[in-house]
Amino acid sequence: MNISRNFIAIKPLLQQQLIAAMNLVGTDIAPANLPSDLKLMSQMIPLHRLSDNAFVVYRCAIAFKLAPLWQLSAFDIANQLVASLPINTQNTSNQICLDFTIEVVFPGWINFRLSSQGLAAWLQQSLQTSPNQQGQLDKNQKEAHHLFPAQYAHARCCSLLRLAHQQDLIKLQDLSFKTLNYPFIEPHPIPWLDNDQQVNTTTGQVQLRLVHPAEQHLITQLLDWQDAINIQNQGSSIKLASALSKAFETFYSSCRILGEVKIDTPKLAQARLGLLGVTQIILRSLLQDQLGVAAPTEL
């Protein structure tokens, strides 16, 4: 399934696709049993990202909720929903194409696996799109000390990006990190995909360069933040900032960027710098836009 949209929160996007499929299937199966407020069900559709071991796989349990309404097995409902999911192959300059492999798992789970190409598109768009600003949260100053790790992580991201620019590994248009514009002049786009290697014989796809567990864990934290942006409160924002800063620290200590990596595998170094760029943008939004504290750019 290919989905083209100009926003990057994956969970609500999948929920909207499922609502469209429910409208189609429900009309043919049991119109009298359909909820009257189906368009409002996006927040009620049970959908979550599986553990990091599965990387970017979202699992939906809506078939189990519909089974008693439609008087069918959850497995049958799941299969009919998948067959009715809308397909959109449109891809324009201001939209991203998120490519998913969909699987129905007995007794009725629906799994959406984001492809390497889809994830690369998501990461690139995350660099180019300013996060949705939900308004500044009221923050108790007693909580400020909990945010220091996130502030440190933001400053470290800026420092590493600035250093890479000085060493001509990347070219940035603004070293102050104050603007909301796309930060990278070169390379553009970021070499997220490992085009130098052979296509995966199992999936038939080019693989993501970022395969280290620390890289993938940081990516999942970024995905979770974007999915939660519309339901954040002060407590959840502080929790997300803490989780993201811890994931960054693990990434920073495990994945080298300069030195031998820069010399031997410059495209991997650039992909890691792209991941740093996404992390910096989201940390800045969390700190400044959500929690109303400074996002320092220097240590």
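# Notebook: buried pairs, cis bonds and cysteines

I began with Arg 272 and Glu 215, and I found that both of these residues are buried. Before going further I noted for myself that I am reading a predicted model. Arg 272 and Glu 215 form a salt bridge, in which the closest N and O atoms are 2.5 Å apart. Arg 272 belongs to helix α9 (residues 266–290) and Glu 215 to helix α6, so this pair ties together parts that are 57 residues apart in sequence.

**Entry on the whole chain**

I then stepped back to look at the protein chain as a whole, whose secondary structure comes to 9 helices and 7 strands. The chain has 299 residues, and buried residues make up 49% of them. For its accessible surface I wrote down about 14,100 Å², with 51% of that belonging to carbon and sulfur atoms. I also looked up how contacts are spread along the sequence: among those between residues at least 6 apart, 70% join residues at least 24 apart.

**Entry on the salt bridges**

How many salt bridges are there by the rule I used? The count comes to 3, and since I had already written up Arg 272 with Glu 215, I went on to Asp 224, which forms a salt bridge with Arg 49, the closest N and O atoms being 2.8 Å apart. Asp 224 sits in helix α6 and Arg 49 in strand β2 (residues 47–49), so parts that are 175 residues apart in sequence are tied together by this pair. I checked how covered each partner is, and Asp 224 turned out to be partly exposed, with a relative accessible area of 23%, whereas Arg 49 is buried, with 17%.

The salt bridge between Asp 194 and Arg 209 has its closest N and O atoms 3.1 Å apart. Both residues lie in the loop between β7 and α6, so here the pair ties together parts that are 15 residues apart in sequence. Asp 194 is buried, at a relative accessible area of 18%, and Arg 209 is buried as well, at 10%.

**Entry on the cysteines**

Which cysteine has its sulfur nearest to that of Cys 157, and how far away is it? I asked this after finding that the structure holds 0 disulfides. Cys 157 is in no disulfide, and the nearest cysteine sulfur, which belongs to Cys 158, is 6.8 Å away. A disulfide would need the two sulfur atoms to be within 2.5 Å, so the separation of 6.8 Å between the sulfur of Cys 158 and that of Cys 157 is too far for a bond. I looked up the cover of both residues too: Cys 157 counts as buried at 0% relative accessibility, and Cys 158 counts as buried, also with a value of 0%.

**Entry on the cis peptide bonds**

I turned next to the backbone and noted that the peptide bond from Phe 106 to Pro 107 is cis, with omega near 10°. Pro 107 is placed in the loop between β4 (96–105) and β5 (109–114). The peptide bond from His 188 to Pro 189 is cis too, and its omega is near 0°. Where is Pro 189 to be found? I located Pro 189 in the loop between β7 (184–186) and α6 (213–228), and I recalled that Asp 194 and Arg 209 lie in the loop between β7 and α6.

**Entry on positive phi**

Gln 71 caught my attention since it has a positive phi of about 55° although it is not a glycine. The residue is in the loop between α2 (62–70) and α3 (74–84). Is Gln 71 buried or exposed? I found Gln 71 to be exposed, with a relative accessible area of 63%.

Asp 168 is another residue other than glycine with a positive phi, in this case near 65°. I traced Asp 168 to the loop between α5 (148–166) and β6 (171–172), and at 69% relative accessibility Asp 168 counts as exposed.

**Entry on a proline in a helix**

My last look was at Pro 12, which is found in helix α1 (residues 10–29). At 21% relative accessibility, Pro 12 counts as partly exposed, because the buried class stops under 20%. I also looked up a distance from Pro 12 to Leu 47: the two residues are 35 residues apart along the chain, and their C-alpha atoms are separated by 9.1 Å.

Technical notes:
Residues are numbered from 1 along each chain as its sequence is written. This is a predicted model: local features need pLDDT of at least 70, side-chain atom pairs count only at pLDDT 80 or more; totals for chains, interfaces and linings use all residues. Side-chain values use heavy atoms; hydrogens and water are left out. Buried means under 20% relative accessible area, exposed over 50%, partly exposed in between (1.4 Å probe, protein chains only). Helices (H or I, at least four residues) and strands (E, at least two) are DSSP runs, numbered from the N terminus. A salt bridge is a side-chain nitrogen of Lys or Arg within 4 Å of a carboxyl oxygen of Asp or Glu. Contact means heavy atoms within 4.5 Å. Accessible areas come from the Shrake-Rupley method with a 1.4 Å probe; for residues, only the protein chains shown count as cover.
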